[in-house]
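The following explanation moves from aromatic side chains at the surface to the buried interior, and it is best read with the coordinates open alongside.

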Amino acid sequence: MSHYFANEPDQPRVRRARDAVALGLGLVLLVWAAANVDRVAAVEAAIVDLAQSIPLWFDEIYRLAYFGGLVLLLVLVIGILAQGSKRLDLLRDVVLAVLASIGIAAFLVWFLDGSFPVIFPEFIDSDVEFAFPIMRVAVLTSAITVASPNLVRPVRRFAWLMIFLVATSGLGLGLGLPGDAGGGFALGLVAGASILLIFGSPSGYPSPTAVMAAMSGLGVSLADVEPTLDGSWGIRRMVGRLNDGTEADIKAYGRDATDSQYLARVWRGLWFRESGQTYSGSRVQAVEHEALAVLSAKSLGVPTQKLLAVGVAGDDMALIAMSGRGEAVSDIDVSEDVLVDVWRAVARLHAAGMAHGALTLEAVRFEHGKLIVTDLGGASLSAPPVRQSIDVVNLLFSTSVKVGAEDAVVAARTGLGDEALIAALPFMQTAALLRQQRSAVDKPKKIVADIRDRIAEATDVELPEEAKLRRVRPKDLIMPALSLIAAYALLNMLTDIDFVAVWAVVQDASWALIILGFVIGQTSFLPEATGMLFATGYDLPLKPLTILQVSVKWIGLAVPSAAGRVTMNTLFLRKYGITPAIALTQGILDGIAGFVVEAGILILAFLVADTTFNLTSGDVRLGLIFAIVVALIGVSVFVIVRVEKVRTVVLPALKDAWGLLWSLLKNPTRTFGLLGSNLASRTILAITMWFILQAIGAPLPLVTTLVATVATNLLAGLVPIPGGIGVAEAVLTSLLVFAGLGTDEAFAAAVVFRIATFYLPAAEGFFAMKWLEANDHL
């Protein structure tokens, strides 16, 4: 039975990034599926019809496959128990994951449908009602998720295939829709990944005993072997001693090693514009590539380790053993001569067309008083100039941390030459650093900037523009993703709208009232300008300040409103001798004041005024929305409290925001002026909406329109889409429907309101910006 497990028992546990990713993806999928639990998409209906259109005798196959998921779970538990006390930690993980998935699934079924899930539906002949999520899928997914790091690859693949079969069988038996099966899979991921993040995953290392046996099979007899602290997922680094006392540097690749390295390099290749990376498809290729790199470097005169053995030991591991590593240069006091020798070795490596791939002072070591270059597993034998320049960046950063940027640059100039340093200047950026380099120091950007400046000064060249190493940045993905979500929400809303009826509503409207609403809407720029006056505390001319607010609408078509406003305000205020720091502070104060006013309006409207929004109509589940909001808030608080990197960014920002607010509160004139300006601008927008509703014959109380426009501004502002295009229309239409309007009237009012308060001012903003430029205000 132990042959079905990929690692030795009692291995050290680590928290893997992939488990955090699985948890995040599972949460997103679960929330999405839960929010759409009552909606049956055409694709879902087609899939269910296909699964249930198979002849009746196929139901027995469905039942058998569905029951097979339970059998697989029992076999997994029995296999763990058969190991005795060796894998009690794995048993604990599986039991906790199963219990968590059962509990959460039962709660969701009860919360959404008021019933409890059927435990063994395959033994019931009568029809079973759909349930979200499908419990068997959730339970099996959670168990396989926590067990996968311990299982050999064939067993893992079979287990994930069984999850797919169980989900398909659930559809065929009429237990749920594809969304219910997807929700079960997502719930299983969440439960399993949470357990792995709490307790950690086994490291997947080959054991020292197995390594000694494998080395003996390769013709190298070891007296003893000890693991070292450094290593990566599935790769165990060890120090062995030959019978004559000579040290051997051993890297043992376990079953998961190739997958982890391959995925890491593919992941970096997707995010960064690097060519020449090496991709090993198997453990054998990985060790053979490193052996070839060592032999090639040695033949070119680069001092490297002596190769002792390379090969495969059964199905479990691949090995590469070399002469002892000695002592890392990073761990000893070094002179300038030593660093120059290091750079000369790098020059020989690059002259031969090779690149190291992970060149730091940890990879350069002393063995018996001689300098050697180690860790050539990621080397490129035919490297493009970019890879070689990144080698230079990595080593320069490492030496700067060790001896300071000035001495590091001096040694590099002597050993490598100015030409190579100048060629590396565009790549001297944090994106080129190794992950461990960025995490090892507090301010890597500052060190990189210091190195750039010193190279430019020493070689008498101007600093070049940074090369675009990143293909995609996380923030580059946010906008398309949010745009898709907004488009999906808007399309869902539009599919239920009768556009003929909408046009009829607009045609029958009182255009005199609409024009009056348009005119009133344009006056909101005046309180926005006075708000900026009170936020800065400087005496600024009101006319250009008001025109500036109009120009911001034009910029808002291209970038999210907050970013566009800050940029325009900074350019404007700089003309009056106001520093960018004060301009940024003004934007923050104005934003805080706006949020306080909007939150106050909503609270007072619901507590004091007679304002009613029917949030229980249609497909809206207020309880589910509330639960999702609470869960997101809880996750955010947990991340801030537990993740140090997030905490060190968020808490100082909150402290600074509070400090700015407190400084404002100490000045009553500025405080009431800023709050009053924000209140006036929100009220003008509400009056504009009130006139538009009067014009189309669907009047609402002014307080209700105030709540609808304020809530729209808050919710649409959470999505960084320029101008809130699409999002604002969808949110405002929904709120007006909740307030009692028909869908057609609500959509017509929302579109007319947005034309009056955003699209028309945006067109005016183009001419406003030209006027500001012509009159030297920008």
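**Aromatic rings and nonpolar cores**

In this predicted model, ring pairs join Phe107, Trp110 and Phe111 into a cluster. A search of the whole structure finds six aromatic pairs, and one of them is formed by Phe107 and Phe111, whose ring centres are 5.7 Å apart with the planes at 25 degrees, so that the pair is classed as stacked, given that planes under 30 degrees apart count as stacked. Phe107 lies in helix H4, and because Phe107 and Phe111 are four residues apart in that helix, about one helical turn separates them.

How do these two side chains stand with respect to the surface, buried, exposed or in between? Phe107 has a relative accessibility of 46% and therefore counts as partly exposed, while Phe111, at 31%, also counts as partly exposed, the class that runs between the 20% limit for buried and the 50% limit for exposed. A second ring pair brings together Phe758 and Tyr759, with centres 5.2 Å apart and planes at 80 degrees, so this pair is edge-to-face. Here Phe758 is buried, with a relative accessible area of 6%, whereas Tyr759, at 30% relative accessibility, counts as partly exposed.

The cluster described above also has a place in a nonpolar patch on the surface, which is formed by Phe107, Trp110, Phe111 and Phe116 and which has about 450 Å² of accessible area in total for these residues together.

From the surface the account turns to the interior. The largest nonpolar core contains 45 residues, and within it Leu76, Ile80, Val94, Phe132, Leu140 and Ile144 touch the most other members. At least two residues of this core come from each of helix H1 (17-35), helix H3 (58-81), helix H4 (88-113), helix H5 (135-147), helix H6 (153-172) and helix H7 (178-199). Helix H4 is thus named twice in this account, as a contributor to the core and as the helix that holds Phe107.

Which residues does Val94 touch, if those up to four places away in sequence are not counted? With that exclusion, the contacts of Val94 are Leu76, Val77, Ile80, Ala143, Val146 and Ala147. Of these partners, Leu76 and Ile80 are, like Val94, among the core residues that touch the most other members. Apart from this core lies another one, made of 37 residues, including Val502, Leu693, Ile696 and Val731.

Definitions and conventions:
Residues are numbered from 1 along each chain as its sequence is written. This is a predicted model: local features need pLDDT of at least 70, side-chain atom pairs count only at pLDDT 80 or more; totals for chains, interfaces and linings use all residues. Side-chain values use heavy atoms; hydrogens and water are left out. A nonpolar core is a set of buried Ala, Val, Leu, Ile, Met, Phe, Trp, Tyr and Cys residues joined through side-chain atoms within 4.5 Å. Buried means under 20% relative accessible area, exposed over 50%, partly exposed in between (1.4 Å probe, protein chains only). Contact means heavy atoms within 4.5 Å. Patches are made of residues with over 30% relative accessible area and no salt bridge: like charges are joined within 9 Å, nonpolar side chains (Val, Leu, Ile, Met, Phe, Trp, Tyr) within 5 Å. Accessible areas come from the Shrake-Rupley method with a 1.4 Å probe; for residues, only the protein chains shown count as cover. A salt bridge is a side-chain nitrogen of Lys or Arg within 4 Å of a carboxyl oxygen of Asp or Glu. Rings of Phe, Tyr and Trp (its six-membered ring) pair if their centres lie within 6.5 Å; planes under 30 degrees apart count as stacked, over 60 as edge-to-face and the rest as tilted.
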